[in-house]
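Me: Please take a close look at the buried part of this model, and include the places that a database record marks as sites. I am new to the structure, so go through the details one by one.

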Amino acid sequence: MSFAGNGIGITRGIAIGEAHILQRGMLEITPRSIEQPEIPFEIERFRDAVCCARDRLQSVRQKIPESTRSDIVAFIDTHLLMLNDAALIQAPIDLIKQHAYAAEWALQLQKEALVQVFDTMDDPYLRTRKDDVEHVVNQIQKALHEQGEETDGDLTGKVILAQDLTPADTIVMRHQGITAFITEFGGPMSHTAILARSLGIPAVVGVHSITRLLRQGEVLVVDGEHGVVLADVDRRTLDHYRRHIHTAADQATQRLSLIGKPATTKEGVRVSLMANIELPEDIESTRVLKADAVGLYRTEFLYMNRQGMPDEEEHYRTYRKVIEGLDGIPITIRTLDLGADKQVDGCTAASCNPALGLRAIRLCLKEPKIFQPQIRAILRAAIHGPVRIMIPMLSNLQEVRKLKAIIAETKRQLAEEGLPYADHIPIGGMIEVPAAALSADAFSKELDFLSIGTNDLIQYTLAIDRVDDEVNYLYDPLHPAILRLIQTVIEAGKAADIPVSMCGEMAGDPRYIPLLVGMGLREFSMQPGSLLIAKECLFSLSAEKLSKQTRKLMKKLGSSKHERLLDKICRLH
Ligand code: PEP
Ligand code: MG
């Protein structure tokens, strides 16, 4: 057996499967000509590659279930249409004919010409369409590259190795049946990582050079919890991991008996366990697992991988479907959190430092044409079930006041138009910027609830980009500064008598739940797959005991006793 790599484990769970190395983005295309008599053959080779790229896309499209969001399907449809476009397909054929270029080089030249045209466009939305050109060209280049080699179109049961994966890649490959993935870059709080957890895909990110170190087809063990990748594994080790997989599956089956039982601590303190949702399958699991509520509905996924912006009707239809699908389970809809790691074509300005730039509520307040349709749609959809609105990335009270004014004005307009809407919707804010955490008392006076977004709070407090694996070693939810900020927010909510929840990844991690219970947190929102694990953990805890120990810890933060006290609390479950 050999140890193939160590990275950041982002999903609980182990997987065993054959390596499938994604070549995408790694092909180097150099100028190459062919002999005149080879031209017809070269054109045929190019046409075959286009057919192959088309077949692959069509087969992915067919595997996406009906219920899956239309934006992913639309993304694939756009690429399928481009595979029929003369500018992309006929032009390289002409280049092959006229200059006897190899197919790869002809395609590369045409891509460069198209990208240049897009670059000169004034419309920022059209400018970003060049990403689609790049994507489709990569698919054809890949097919050209694989001609004559054994291709591996079927990804069922495969462990994907790639430099990096986008959230859309992750969803599409899940539908293709992959068993795990490993990437060279990326962080545990990136949206690809959050999605992988939500889809239950064991994954390890930040394993540098892994795509060059391993061979296509070799059997790998991926330990998504400890961030370990093993290759060349002997039978005994394989058996060990297989037993582990079976035990985990048995435990998961046993946990199903917890469905419907109220989440409480040992002494009966009620804790609310809520779900973070974004994909259609999350709605189903939230309902089946009987979450107390949806504490975070990420709506920006409605904007990704598509052409154009969703209009009010699309927003409305989507939210109504989600609300009705939840069958009475209350939902907190987060307004758009676009920008930074959630980029959307054509709708965010280029920023030198996107995480600190025009994102989330900042962008929404600046661009009413993006924000208005969403607010109107939420207000209208909220007549179909219990809804709360939550604002991401607040940093000052003006933002809250402006948002409230927009909501009031929107209600006035809807009334004028005679459209039904919900009049009393609680408005809450995400506390994910240190300034907001330190001013949580002021925010508590103007908002109906607070939710702590630790993914960003940790990023901004510790000054570590959440998608940059180089600074991942600094990622520490237990850093004294983070604990103080969390405590401040919980206390502020208590003083103002408003609910405080946590919806960052920390809330669903059993390593931190005892400490958070000790701090007085009573509402946890997490990806649906963690709900029963968290419930099981809560049953074993004493809130009273934890509260005493946590008070002691908070007084000793940073002292020599800090680590020992922390250990004691975290080991309690
Ligand atoms: C967070 O920042 O903790 C959060 C829940 O929001 P997101 O991960 O979507 O930025
Ligand atoms: Mg956030």
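Reply: A strand here is a DSSP run of E with at least two residues, and strands are numbered from the N terminus. By that count, I21 belongs to strand β3, which covers residues 14-21. The model is a predicted one.

I21 is buried because its relative accessible area is 7%, and the cut-off for buried is under 20%. The C-alpha of I21 lies 6.0 Å from that of I160, although 139 residues of sequence separate the two. With neighbours within four places in sequence set aside, the contacts of I21 are L161, T211, L214, R215 and Q216.

Next come the positions taken from the record. In an unreviewed entry, UniProt lists E432 and D456 under "binding site". These positions are spread over 25 residues of sequence, yet they cluster in space, with a largest C-alpha distance of 5.3 Å. Both E432 and D456 are in the lining of the largest cavity. E432 sits in the loop that runs between β13 (427-431) and α16 (434-438). Its relative accessibility is 2%, so E432 counts as buried. Beyond its neighbours within four places in sequence, E432 touches P392, M393, G453, D456, L457 and Y460. D456, the other listed position, is thus among the contacts of E432.

Under "active site", the unreviewed UniProt entry lists H191 and C503. Here the spread is 313 residues of sequence, and the pair still clusters in space, with a largest C-alpha distance of 14.0 Å. From this set, the lining of the largest cavity takes in C503. H191 is part of helix α8 (residues 191-199), and H191 counts as buried because its relative accessibility is 3%. C503 is in a loop, the one between β15 (500-502) and α20 (513-518). C503 also counts as buried, because its relative accessibility is 1%. Apart from neighbours within four places in sequence, C503 is in contact with N276, L296, M390, M430, S451, I452, G453 and S525. G453 is therefore a contact of C503 as well as of E432.

Another buried stretch is found in helix α4, residues 103-119. This helix has 17 residues and spans 24 Å from its first C-alpha to its last, close to the 24 Å expected at 1.5 Å a residue. The buried residues of α4 include W105, L114, V115 and F118, and also the charged residues E104 and K111. Helix α4 packs against helix α1 (residues 39-63) at an angle of about 65°, and the two axes are 9 Å apart. On the α1 side the contact is made by E42, R45 and F46, and on the α4 side by A103, E104 and L107. Sorted by class, this contact has 3 nonpolar, no polar and 3 charged residues.

Just before α4 comes the loop from α3 (86-99), and A100 lies in that loop. A100 is not a glycine, yet its phi is positive, about 55°. A100 is buried because its relative accessible area is 6%.

D232 gives a contrast in burial. Its phi is also positive, near 55°, in a residue other than glycine. D232 lies in the loop between β8 (228-231) and α10 (235-255). With a relative accessible area of 54%, D232 is exposed.

Methods: Residues numbered from 1 in each chain as written. Chains lettered and ligands numbered in written order. Predicted model: local features only at pLDDT ≥ 70, side-chain atom pairs only at ≥ 80, totals over all residues. Heavy atoms only, no water. Axes fitted to C-alpha atoms, helices over the stretch in contact; angles between N-to-C directions. Helix = DSSP H or I, 4+ residues; strand = E, 2+ residues; numbered from the N terminus. Contact = heavy atoms within 4.5 Å. Expected span 1.5 Å × (residues − 1). Buried < 20%, exposed > 50% of the residue type's maximum accessible area, 1.4 Å probe, protein only. UniProt positions renumbered as here; feature names shortened; annotations may be inferred. 1 Å grid on protein atoms, 1.4 Å probe; cavity = no way out; pocket = protein on both sides within 12 Å on 5 of 7 lines; lining within 4 Å.
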